[in-house]
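Biologist: I am new to this structure. Please show it to me before we discuss it.

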Amino acid sequence: MKRRTLLALPALLPAAVSAQGFGSRPIRVIVPFAAGGAADSATRAVTPGLSQRLRATIVVENRTGAGGSLGGNEVARAAPDGHTLLMDASSHLVNPALLRGLTFDYATAFAPISLAVTFPQVLAVKNDLPARDLREFIALAKRQTLNLGTQGNATAGHLGLVQFARAAGIDVTHIPYRGGADAARDLAAGTLDGCFITMLSAGPIVDSGRARFLAVSAPQRVSLRPDVPTFAELGTPGIELSEWCALFAPVGTPPALVTQLHTALAATLAEAEVQRRLAQLAAVPVGSDPATFARFVSEGRAAMATLVREANIRID
């Protein structure tokens, strides 16, 4: 599936803007997930600012399939000239441990540019569940088996749920869906006891009174929902696995272009209007530098491989 959105180059740009290496032709940003999802929405929130700062037209393309690896493959084989980029998600770290027959190596095919935003996961439960807080939820889960939905096998929600269940010493039945919206729909209907999904997916049913937030998997509370405590606050530390959105280039892209792309992205993420739009998505802006992000990717890939193996996670 392919969707293209063209962002026109602004007619007037500040004289101070300089973007050597860009502007001769459009920059393609491949989003390997469906339009309207978290990664796609975050990408479209930042690309206007990138377009202005890089003095280049940007085309956002949705290339879905195979857990994001189809879009990844397209960028992996693109020319390393900064004109084809990948805005990927946490599956970037998990796919190498799950997918067979990949035509590229996630560890060597890409130059990390920046972790753009994170999407903390939340534990939300149906409104009539007899557990008013996390402590009561854990106690209930030790007495009976609870059914918890996520946005799919091996997603950040699934892996976060595994982390939480291990830390809390409980067993739950995992119900994978094709996305967070589908899981939220069944939670609202009462056919699930709870969900481990993004705030963006769970927010509408919580606001309607059909579900409740118990905890958020973030280092600190999220500004959009400051009333939702973190797992650490509630006595279960280490549950900080979030979905995220990050920018990559093909390996071999000149370091100067990687730096330029990071600088433009970080400046865009600092804009008040961009932060407002991201807050509406329950997204936390980051903008880490390439070296820091490269360490995050390397360490995260190893940690996710261990978690996938120990939890015996598979994709059907």
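Modeller: Please begin with the largest pocket.

Biologist: How many charged residues does the lining of the largest pocket have?

Modeller: By class, 18 lining residues are nonpolar (Ala, Val, Leu, Ile, Met, Phe, Trp, Tyr, Cys, Pro) and 15 are polar (Gly and the others not charged). The model is predicted: local features need pLDDT of at least 70, side-chain atom pairs pLDDT 80 or more, and totals for chains, interfaces and linings use all residues. Residues are numbered from 1 along each chain, and side-chain values use heavy atoms, without hydrogens or water. The charged class (Asp, Glu, Lys, Arg) counts three.

Biologist: What volume does the largest pocket have?

Modeller: A pocket is an open set of points on a 1 Å grid over the protein atoms alone where a 1.4 Å probe fits, with protein on both sides within 12 Å along at least five of seven lines; lining residues have an atom within 4 Å of a point. Probe spheres set on the points, joined across faces, edges and corners, fill the volume, here about 1,100 Å³.

Biologist: Which residues are the closest to its centre?

Modeller: The lining has 36 residues. The closest to the centre of the largest pocket are Phe-33, Gln-151, Thr-155, Arg-178 and Gly-179.

Biologist: Which element gives the most to this lining?

Modeller: Elements are DSSP runs: helices (H or I) of at least four residues and strands (E) of at least two. H1, H3, H6, H7 and S11 each supply at least two lining residues. With four residues, the most comes from H3.

Biologist: Which element gives the most to the lining of the second largest pocket?

Modeller: The second largest pocket holds about 560 Å³, and 27 residues line this second pocket. Four of them come from the leading contributor, H10.
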